[in-house]
Amino acid sequence: MGFSEAQEDLVLNSWKAMKKDSESIALKFFFRIFEIAPGAKQMFSFLRDAGDDAPLEKHPKLKAHAVAVFVMACESATQLRNTGDVKVREATLKRLGATHVKAGVADAHFEVVKTALVDTIRDAVPDMWTPEMEAAWEEAYDQLAAAIKEEMKNNA
Ligand code: HEM
């Protein structure tokens, strides 16, 4: 099934609407991930090293990860519409594969992050939200996650 221009628009337009609040959206995204999978917190070295009492919002890297997931899913949407396939730049993909293997990320975590991503978007743009928008984000995310997971196999 192809990815249409309308689907790309659903992804890009909702991200555009969310981007100005990326700080609070990044936080919500992470809280949701840790709500679904509390153990995932231990994977993030900057959270692990900071100790239990350190407030999450004090970590600039946390925002960076959240924004990376959003931005890369947007890029995937554009690639899917253009070429029907997701190709992460080779150097980036190699690094992502290695980082996630080293951190102990497993396939199930990608599902957790997908759920948290969808919940965060639904919460951030309730007026724009439709089943079609959900499906478009899921497709873009799934194809991106598949590329990263494939690269992770090479690092296992
Ligand atoms: C690091 C992107 C999914 C956990 C990173 C980095 C990026 C990134 C850009 C920065 C380091 C680097 O560039 O190598 C993504 C994308 C994802 C994804 C685009 C999904 C499509 C996940 C999932 C988990 C996860 C499912 C597990 C819950 C981590 C951890 C680090 C990391 C633990 C290292 C952070 C640190 O300790 O500094 N990711 N990630 N990521 N990611 Fe992800």
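Biologist: Leaving aside neighbours within four places in sequence, which residues is His-100 in contact with?

Modeller: Happy to start there, with the reminder that this is a predicted model. His-100 is in contact with His-65, Val-105, Ile-148 and Met-152, and the cut-off for contact is heavy atoms within 4.5 Å.

Biologist: What makes His-65 and His-100 donors of the iron atom of the ligand?

Modeller: The NE2 atoms of His-65 and His-100 lie 2.0 Å from the iron. Donors are N, O and S atoms within 2.8 Å of the metal, so these nitrogens qualify. The pair also links distant parts of the chain: His-65 sits in helix α4 (residues 60–83) and His-100 in helix α5 (residues 90–103), 35 residues apart.

Biologist: Why is the arrangement around the iron atom of the ligand called octahedral?

Modeller: There are six donor atoms, and the angles they subtend run from 89 to 179°. Six donors count as octahedral if opposite donors are over 155 degrees apart and all others between 65 and 115. The arrangement is therefore octahedral.

Biologist: How do you know whether His-100 counts as buried or exposed?

Modeller: Buried means under 20% relative accessible area. His-100 has 14%, so His-100 counts as buried.

Biologist: And His-65, what is that residue called?

Modeller: His-65 has a relative accessible area of 25%. Partly exposed covers the range between 20% and 50%, so His-65 is partly exposed.

Biologist: Which polar contacts with the ligand are there for His-65, Arg-95 and His-100?

Modeller: A pair of N or O atoms within 3.5 Å is a polar contact. A polar side-chain atom of His-65 is 2.9 Å from a ligand nitrogen. For His-100, a side-chain N or O atom is 2.8 Å from a nitrogen of the ligand. Arg-95 has a side-chain N or O atom 2.7 Å from a ligand oxygen. These residues, along with Ser-45 and Thr-99, come nearest among the 20 residues around the ligand.

Biologist: How do you know that the length of helix α6 agrees with what 18 residues should span?

Modeller: The expected span is 1.5 Å times one less than the number of residues. For α6 (residues 107–124) that gives 26 Å, and the end C-alpha atoms are 26 Å apart, so the two agree.

Biologist: Which residues of α6 are buried, and what covers them?

Modeller: Among them are Phe-110, Val-113, Leu-117 and Ile-121. What covers the buried residues of α6 includes α1, α2, α4 and α7.

Biologist: What do the buried residues of α2 pack against?

Modeller: They pack against α1, α3, α4 and α6. Phe-29, Phe-30 and Phe-34 are among the buried residues of α2.

Conventions. Residues numbered from 1 in each chain as written. Predicted model: local features only at pLDDT ≥ 70, side-chain atom pairs only at ≥ 80, totals over all residues. Heavy atoms only, no water. Donors = N, O, S within 2.8 Å, 3.2 Å for Na, K, Ca; no water. Tetrahedral: all angles 85-135°; square planar, octahedral: opposite > 155°, others 65-115°. Helix = DSSP H or I, 4+ residues; strand = E, 2+ residues; numbered from the N terminus. Buried < 20%, exposed > 50% of the residue type's maximum accessible area, 1.4 Å probe, protein only. Near = heavy atom within 4 Å. Polar contact = N/O pair within 3.5 Å; in protein donor to acceptor, adjacent residues only side chain to side chain.
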